[in-house]
Amino acid sequence: MTKAPAARSFEVRHVQLARAAFAAIAAIMVTFSPDHSAAIGLSIFSGYAMATGLVLLAAGWFVYTVDTRWPTVVLGALFVIAGLASGVALFRSVTGFFVTVIIWALLAGLVETITGARGLRAAHGLPKSDAARSESRDGLTVGILTIVLGLGLLFVPTQYALQYTIDDANATFTLTGIIIGVGIFGGYAAIVAVYLAIAGLSPRRPAAVATEPSGAAAAESADADARESANNERGTA
C-alpha cells in the first residue's frame with residue numbers, strides 16, 4: 001500500500017509572492033521618500049536584497065531538490081552579498097550605489113536568465129500551464145528585467161546635475177544622477193513586484209501524486225493474495 005506524499009508547505013509560488021512583497025516595499029519606499037540620496041537608496045536596496053536573498057536561500061533547501069537547488073542558492077548568495085555590501089558605511093556614496101547595484105543586477109540577472117532559459121529548454125513540449133515551464137518563463141523574464149536595470153544604470157552619469165525652477169512653487173530644485181539612479185531602481189522594483197505577484201497568484205496544473213488505495217480496494221487486494229496463496233499451496237501438495 002503506497003502512501004501519498006505530504007504536500008509541500010513552501011512552494012515556488014510562495015517564493016514568488018515573498019519576492020513580490022519585498023520588491024513592492026522597496027518600490028513604495030523609493031516612491032514616497034523625499035530623499036533620493038545615495039545613503040537612502042542603498043538602505044532601501046540593502047533591505048530588499050537581504051530579505052530576498054534569505055528567501056531564495058531557504059527555497060534552495062525547502063522547495064528544490066539536490067539536483068536543481070544550486071542556481072537558487074547562487075542567486076540567493078548574490079542577493080545577500082549585495083545587501084551586505086550596500087550596508088557598509090564606506091560604500092554609501094554615489095559611486096558606491098551605482099557600482100553595487102550595477103554589479104548585482106548584471107550578475108544576478110545573468111544567473112536567473114540562464115537558469116530560466118535552461119529550464120524552458122528542458123520543459124520543451126510540456127503544456128504552457130505546466131508548473132516547471134511557468135516557473136522557468138517567470139525566472140527568464142525577471143532575469144532579463146534585472147539585466148536591463150544594470151545596463152540602464154550604466155548610462156546614467158553619476159555627476160549629472162540639472163537645476164530647474166517651478167514658478168508656481170517659487171522654488172529651485174536640482175535633478176542629479178543619484179536621484180535618477182534611485183528612481184530607476186524603484187521603477188524596476190515596482191515592475192518586478194507586479195509581475196511576480198501575478199505569477200504567484202496564477203493557477204497552475206497540480207503535480208500528479210500517488211494516491212493511497214481505498215479500504216475496499218485494499219481488502220479486495222488482500223483477499224486476492226490470500227486466494228492465490230491457497231491455490232499455490234494446494235498445487236504444491
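A salt bridge here is a side-chain nitrogen of Lys or Arg within 4 Å of a carboxyl oxygen of Asp or Glu. Keep that cut-off in mind, since this is a predicted model and the structure holds one salt bridge by that rule.

Let's start with the overall layout. The chain has seven helices and two strands, and reading along the sequence you meet them in the pattern α-α-α-α-α-β-β-α-α. Of the 237 residues in the chain, 34% are buried.

Now for that salt bridge. The partners are Glu112 and Arg19, and their closest N and O atoms sit 2.9 Å apart. The pair ties together distant parts of the chain: Glu112 belongs to helix H4 and Arg19 to helix H1 (residues 12-32), with the two positions 93 residues apart in sequence. Side chains of opposite charge can pair when their charged atoms come close. Are these two partners buried or exposed? Glu112 has a relative accessibility of 9%, so it counts as buried. Arg19 has a relative accessible area of 7%, so Arg19 is buried too. The cut-off behind both calls is under 20% relative accessible area.

Arg19 also gives us a way into helix H2 (residues 38-62), which is where Ala51 is placed. Ala51 and Arg19 are 32 residues apart in sequence, yet their C-alpha atoms are 8.3 Å apart in space. Ala51 has a relative accessible area of 18%, and because the limit for buried is under 20%, Ala51 is buried.

Next, follow helix H4 to a pocket. The second largest pocket has a volume of about 160 Å³. Which elements give two or more residues to its lining? They are H3 and H4, and H4 gives the most, with five residues. Rolling a probe the size of a water molecule over the atoms shows where empty space is left. The residues lining this pocket are Leu78, Ile81, Ala82, Ala85, Phe91, Val99, Thr100, Ile103, Trp104 and Leu107. Sorted by class, that makes nine nonpolar residues, one polar and no charged ones.

Phe91 from that lining turns up again on the outside of the model. Together with Val88 and Leu90, Phe91 forms a nonpolar patch on the surface, and the three have about 300 Å² of accessible area together. Val88 is in the loop between helix H3 (70-86) and helix H4 (94-122). With 36% relative accessibility, Val88 counts as partly exposed, because that class runs between the 20% limit for buried and the 50% limit for exposed.

Two more contacts along the backbone are worth a look. Glu135 lies in helix H5, and its C-alpha atom is separated by 8.2 Å from that of Gly119, although the two residues are 16 apart along the chain. Glu135 has 24% relative accessibility, so it counts as partly exposed.

Past the end of helix H5 (131-154), the loop leading to strand E1 (161-166) contains Gln159. How far apart in space are Gln159 and Ile178, C-alpha to C-alpha? The distance is 8.2 Å, with their positions 19 residues apart in sequence. Gln159 has a relative accessible area of 67%; that is over 50%, so Gln159 is exposed.

Definitions and conventions. Residues are numbered from 1 along each chain as its sequence is written. This is a predicted model: local features need pLDDT of at least 70, side-chain atom pairs count only at pLDDT 80 or more; totals for chains, interfaces and linings use all residues. Side-chain values use heavy atoms; hydrogens and water are left out. Patches are made of residues with over 30% relative accessible area and no salt bridge: like charges are joined within 9 Å, nonpolar side chains (Val, Leu, Ile, Met, Phe, Trp, Tyr) within 5 Å. Accessible areas come from the Shrake-Rupley method with a 1.4 Å probe; for residues, only the protein chains shown count as cover. Helices (H or I, at least four residues) and strands (E, at least two) are DSSP runs, numbered from the N terminus. Buried means under 20% relative accessible area, exposed over 50%, partly exposed in between (1.4 Å probe, protein chains only). On a 1 Å grid over the protein atoms alone, a cavity is a set of points where a 1.4 Å probe fits but cannot get out, and a pocket is an open set with protein on both sides within 12 Å along at least five of seven lines; lining residues have an atom within 4 Å of a point. Grid points are joined across faces, edges and corners, and a volume is the space filled by probe spheres set on the points. Ala, Val, Leu, Ile, Met, Phe, Trp, Tyr, Cys and Pro count as nonpolar, Asp, Glu, Lys and Arg as charged, and the others, Gly among them, as polar.
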